[in-house]
Amino acid sequence: MSPDGRAAALASDSLPATEVPVIRIEASRGWVKLGLGELWDYRELLYFLIWRDIKVRYKQTVLGAAWAIIQPFMSMVVFTLFFGRLARIPSDGVPYPIFNYSAMVAWTFFANGLSQASNSLVGSSNLLKKIYFPRLVIPIASILAGLVDFALAFTVLVPMMLYFGIVPSPNVVWLPFFLLLAFSTALGVGLWLSALNVQFRDVRHTVGFIVQFWLFASPVVYSSNLIENDLLRTLYGINPMASVVEGFRWALLGSASDQFKGPGAMLIVSCAAALLMLVSGLYYFRRMEKTFADVA
Amino acid sequence: MEMRAAARLPAPAPPDRGEVPQGPVAIEVRGIGKRFYIGARQSDRYRTFRDVLARAVSAPLRRARSLIGGHATGAAELHEEMWALRELSFEVEQGEVVGVIGRNGAGKTTLLKIISRITEPTEGSAVIHGRVGSLLEVGTGFHPELTGRENVFLNGAILGMRKAEIEAKFDEIVEFSEVERFIDTPVKHYSSGMYVRLAFAVAAHLEPEILLVDEVLSVGDARFQRKCLGKMGEVARGGRTILFVSHNMAAVGRLCSRAIWLDEGRVRLTGAPRDVIAAYLASDSSLAGEEHFEGGLSRPGVEDFKLDAVRVRPASGEPTGELEADEPFIVEIEYRVLERLPQTRVGFLVQTGDGIIVFDAYDADDPRYLEYRDTGSYVARCTVPAHLLAPGRYFLSFNAGIPGIRNLAFAEAVLAIDIVDTGAVGAHFKAGRTGLIRPLLEWEVSQ
């Protein structure tokens, strides 16, 4: 068929031309577009993947969803014993258990999200090899599925606060913002690690170590008030989890002690750091994406 | 066509729909190429930092050495490269049903993966007009812990269906799958047949403008396969564009309006399915009566089974493809089992130049060979009685698998046989015989 003939055929086509999407396939070079619009088109798939993760997570376990509570709660008990009782680390004027647990709920969401995201692509290699969809859906879904665990762990905070006689401050409305910051950080780093993991399975062995190291680099078992120099404390915000944890304490326990000043200036540094991790992670992920199906 | 003259069986002609395609273009492929590095792809499936560091150190040295040694230069030498597709160009008009045929490793699956955007081409481009649904495997994303109902929704979403769309078609899907009673049971309790039926039922209700189908019909029992082929025919008549990769020549002949034969990553021939199939089957099947597969042949990813050699010979003689109609002939298959396999069957198909399968036969047809196959080398020998096939040319394909579960190896049309008509039933009257088989039957004529 001559090119003219085809043009004529296209013109005479009765279907509205706008209805049919035209996809161009070719080798991508250099930096590629993020394609976030396409992610929106696949929101239902995102929903179903999250739903699957949640449904499957506690199948064939005896304690089921109770694990979502046991994990942060037992960590809190251990930390209370060692850091609260033995090491007597100052806890900003509230009892150590609630000091630690209010941070632990945020931390557990972040840590689980990060490790799930890092292994998500490798775990879904079968999907990657057989079906097209925006690959970003996979790590995002694996982190968002952790929100259910977060909600369960969070419910324990209520009896704990009652027990210790702490009323949440009005600042509690800011909690979703700090949760979003934790999500962005987990996603940013998770994107890097998941894409690297496809190429280098070393990552799988590194994630546990990174999470552990990061826990002690964040003010979960101690307070960031230990840093007295204001500039240093602000710079501490390079670790966005420092702001998340301090933000959680400020929002939840702020009325019980005036030592919870919130992240303050640290927050600006944290937001910038998280944004940098997220944007660089997105670009790196998109750049490596084309190789996933071939090497996963 | 020389081949069609040789296979003189009056096979029913497939409908010649749209010989000269009219409508607008659905798929335009221009100079597509895909390169793989064999070293990185097969021997070490994934790399570690250590390897990369080691290579970073050793590669310049090796390159320097090869330069000094006067060998070919460049990166290509460091990893062996392989082009799965090269300079591939073709067009598919809207509403066409195109069959893609070719040997194992000809690049058929890679082509589908590029068009469905699972992987990127190394060079060239393609333009797709319309939503693409790809079906490279049935049951992608099925989760064993979830119930049938839940998996229908999950799998539908993965294949690109909207939730509302799945809900609207849910009853139809369940009915098609014939697993109504177990729809709320976790699929890990399903038999493999039920699993495949449910998975295919979801896929069959996918309604994109362009449907890409890989060899998914090779699973499931014959009756269900027919049902699926029927469904595909229905979809095709509905005006959708279908690109269909298959080894089932009869299905390609029946469903497709055009066939493309891929050979070593390039289009070797395209045209009416009948002609393309005939040329393809005739291409390298030899009349020598023997074919060895160096290193053993198996499907990609299969490590526990290797097909080593196939042979055809008269009951009393050396391997040859020229067989007398009045003498039994023997088909021999040599294979190795590298890891104990459950209920494996190894056998062959006999088909005409038009792709019509006359019959297939498997060693497991004999109940003595229905059990496990232990590790070791085997020779399967099948005697085909005299006076079975009508004179003419046939092609033998060899197949091994665990029925309904796993395909192990498939060697398509590797041997050709000519049934010579001397001594055939009715050969004394030269004319007026027809049919695919020419049995010697008992007659009693009374007056």
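## Where the two chains pair

In this predicted model, A:Ile25 of chain A stands opposite B:Ala126, a residue of strand S4(B). The two residues belong to a pairing in which strand S1 of chain A, residues 22–26, and S4(B) run in the antiparallel sense and are joined over five bridges.

Beyond this pair of strands, 42 residues of chain B are in contact with 34 residues of chain A. On the side of chain B that touches chain A, the elements giving two or more residues are helix H4 (108–115), strand S4 (123–129) and helix H5 (148–158) of chain B, and the largest share, seven residues, comes from S4(B). By type, the residues on this side of chain B divide into 17 nonpolar, 13 polar and 12 charged.

## A helix with two sides

Helix H8 of chain A spans residues 146–155, and its residues A:Gly146, A:Asp149, A:Phe150, A:Ala153 and A:Phe154 are buried. These buried residues lie on the same side of H8(A), because they cover an arc of only 135 degrees around the axis. An α-helix has 3.6 residues a turn, so residues three or four places apart point the same way.

On the other side of H8(A), A:Ala151 and A:Thr155 are exposed. The cover over the buried residues includes helices H4 (67–86), H5 (96–123), H7 (137–144) and H9 (157–163) of chain A.

## An open sheet in chain B

Chain B also holds an open sheet of five strands, in the order S12-S18-S17-S14-S15 and with mixed pairing. Strands S12 (322–324) and S15 (357–362) of chain B each have a single partner strand, so one side of each is left without a neighbour in the sheet.

Strand S14 of chain B, residues 345–351, is joined to S15(B) by five bridges, and the two run antiparallel; B:Gln351 has B:Ile357 in S15(B) as its bridge partner.

Definitions and conventions: Residues are numbered from 1 along each chain as its sequence is written. Chains are lettered from A and ligands numbered from 1 in the order in which they are written. This is a predicted model: local features need pLDDT of at least 70, side-chain atom pairs count only at pLDDT 80 or more; totals for chains, interfaces and linings use all residues. Two strands pair if DSSP finds at least two bridges between them. Helices (H or I, at least four residues) and strands (E, at least two) are DSSP runs, numbered from the N terminus. A residue is buried if 20 or more other C-beta atoms lie within 10 Å of its own, exposed if 12 or fewer, and partly exposed in between; C-beta atoms are placed from the backbone. The arc is that of the directions from the helix axis to the C-beta atoms. Two residues are in contact if their C-beta atoms, placed from the backbone, lie within 7 Å. Ala, Val, Leu, Ile, Met, Phe, Trp, Tyr, Cys and Pro count as nonpolar, Asp, Glu, Lys and Arg as charged, and the others, Gly among them, as polar.
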